[in-house]
Amino acid sequence: MLTFNIRGENIEVTPAIREYVESKIQKLERYFNNDLNATANVNLKVYNDKNTKVEVTIPMKSLTLRAEERNGDMYAAVDLITAKLERQIRKHKTKVNRKFRDREGVGLYFANVQAENSATAVADAEEDLSVVRTKQFALKPMDQEEAILQMNLLGHDFYIFTDSESDATNIVYKRRDGKYGLIETN
């Protein structure tokens, strides 16, 4: 059973909005067995330009579903989020079924619900998971600033490097807001 934690930034979460979000996201429960206990964290934001952003995160034991959508209409954004989460579930279900077909526990999280277009969903998942190009390169020790400069020189959205101080493999990336992020590995 899904429980909901719905927050609003620059918007009051009215009972109508809460009911719409819960009814749409609860439809995802059909993909899970009855023993699902998860909390759907929903964050609704309204910006000065009246655009809305909807973020949904559903953490579970072996899978975290997460999607975000920006749209002028909040209800349309919730619909698009639901579709994104449904695609993620189908991809994961296809992957699990293919990988562990002969083992027990295939239905640990997913109920045996047939998707409307299960054949096309499987084909789409297989297409999305194929590696079309492989690159190999040596990681050069550098600091974060140099990694960001290298990333910008190459015109990429992310750059992998070895941190010269910690000797760990890290990743810098360009965020949608134009700023930079850092992923540190252990």
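**Exercise 1. Is glutamate 68 buried or exposed, and at what relative accessibility?**

Before the solution, a short note on the model. This is a predicted model, in which local features need pLDDT of at least 70 and side-chain atom pairs count only at pLDDT 80 or more, while totals for chains, interfaces and linings use all residues. Residues are numbered from 1 along each chain as its sequence is written, and side-chain values use heavy atoms, with hydrogens and water left out.

*Solution.*
- Step 1: Recall the cut-offs: buried means under 20% relative accessible area, exposed over 50%, and partly exposed in between (1.4 Å probe, protein chains only).
- Step 2: Glutamate 68 has 17% relative accessibility, so this residue counts as buried.

**Exercise 2. Find the salt bridge partner of glutamate 68, then the network around the pair.**

*Solution.*
- Step 1: A salt bridge needs a side-chain nitrogen of Lys or Arg within 4 Å of a carboxyl oxygen of Asp or Glu.
- Step 2: Glutamate 68 forms such a bridge with arginine 176, and their closest N and O atoms are 2.6 Å apart.
- Step 3: The pair links distant parts of the chain, with glutamate 68 in strand β4 and arginine 176 in the loop between β7 and β8, 108 residues apart. Helices (H or I, at least four residues) and strands (E, at least two) are DSSP runs, numbered from the N terminus.
- Step 4: Arginine 176 is exposed, with a relative accessible area of 71%.
- Step 5: Now look at glutamate 55 and lysine 45, whose side chains meet in a salt bridge at 3.9 Å, N to O. Both of these residues are buried.
- Step 6: Put the pieces together: a network of salt bridges links Lys45, Lys53, Glu55, Arg66, Glu68 and Arg176.

**Exercise 3. Work out which sides of helix α4 are buried and exposed.**

*Solution.*
- Step 1: Helix α4 spans residues 144-154, and Ala147, Ile148 and Met151 are buried in it.
- Step 2: These residues cover an arc of only 100° around the axis, which puts them on the same side of α4. The arc is that of the directions from the helix axis to the C-beta atoms.
- Step 3: Turned away from this buried side is a face with the exposed residues Glu145, Leu149 and Leu153.
- Step 4: The buried residues of α4 pack against β5 (141-142), β6 (158-163), β7 (169-174) and β8 (180-184).
- Step 5: After α4 comes glycine 155, with a positive phi near 75°.

**Exercise 4. Which strands stand at the edges of the open sheet of four strands?**

*Solution.*
- Step 1: The order in this sheet is β5-β6-β7-β8, with mixed pairing. Two strands pair if DSSP finds at least two bridges between them.
- Step 2: β5 and β8 stand at the edges with a single partner strand each, so one side of each is left without a neighbour in the sheet.
- Step 3: β6 and β7 pair in the antiparallel sense over five bridges. Threonine 162 stands opposite threonine 169 in β7.

**Exercise 5. How many residues does the largest nonpolar core have?**

*Solution.*
- Step 1: A nonpolar core is a set of buried Ala, Val, Leu, Ile, Met, Phe, Trp, Tyr and Cys residues joined through side-chain atoms within 4.5 Å.
- Step 2: The largest one has 27 residues, and Ile25, Val42 and Leu65 are among those with the most contacts inside it.
- Step 3: Helix α2 gives the largest share of this core, six residues.
- Step 4: Another core lies apart from it, with seven residues, including Met142, Ala147, Met151 and Tyr159.

Technical notes. Contact = heavy atoms within 4.5 Å.
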